[in-house]
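Thanks for sharing this one. Here are a few friendly notes to read alongside the coordinates.

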Amino acid sequence: MFLIPTELNLNINQVHESNSIGTVIGIFSADANAGVCTYALVPGQGGEDNGAFIVAGNTLKAATVFDYETKNNYAIRVRVTNEIGEYLEKTLHHPGHRCI
């Protein structure tokens, strides 16, 4: 029996400005008791930067080239859904970084 997801995590890589579109930002994970899960960006409070990202499987990728001077903090709203349609939504924040 699968449980409603109660955890949604994003293992984030550092994102530097002038990145390539499609750069992997991080990997999503949910609590193991939720079973196999899918991930999606969803509209709602905290999802104002969803358009700057894409989700492919459990991977969050850049959909734009980031520019630290223009914007240096991003918020996305993510839904994790288990095999029977139960879900959890969470807003995640991520600071951008200057190129090193």
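**Notes on the model**

1. Let me start with confidence by element: strand 3 (residues 38–41) has the highest mean pLDDT, 98, and strand 7 (residues 87–95) the lowest, 88. This is a predicted model, so those two values are a handy place to begin. Over the protein, pLDDT averages 89, and 93% of the residues score at least 70.

2. On secondary structure, the protein has 7 strands and 0 helices. Read from the N terminus, the order of elements is β-β-β-β-β-β-β. The radius of gyration is 14 Å, close to the 13 Å from the globule rule for 100 residues, so the protein is as compact as a globular protein of that length.

3. For the overall dimensions, the C-alpha trace spans about 45 × 25 × 15 Å along the principal axes.

4. A word on contacts: taking those between residues at least 6 apart in sequence, 63% join residues at least 24 apart.

5. How much of the protein is buried? Of its 100 residues, 35% are buried. The accessible surface comes to about 5,700 Å², and carbon and sulfur atoms account for 53% of that surface.

6. If you plan to look at electrostatics, the protein carries 6 positive and 10 negative charges. The mean positions of these two sets of charges lie 3 Å apart.

Technical notes
Residues numbered from 1 in each chain as written. Predicted model: local features only at pLDDT ≥ 70, side-chain atom pairs only at ≥ 80, totals over all residues. Heavy atoms only, no water. Helix = DSSP H or I, 4+ residues; strand = E, 2+ residues; numbered from the N terminus. Rg over C-alpha atoms; globule rule 2.2 N^0.38 Å. Buried < 20%, exposed > 50% of the residue type's maximum accessible area, 1.4 Å probe, protein only. Contact = heavy atoms within 4.5 Å. Areas by Shrake-Rupley, 256 points an atom, 1.4 Å probe, with all protein chains shown as cover. Lys, Arg positive; Asp, Glu negative; His and termini not counted. Charge placed at Lys NZ, Arg CZ, Asp CG, Glu CD. pLDDT = per-residue confidence, 0-100.
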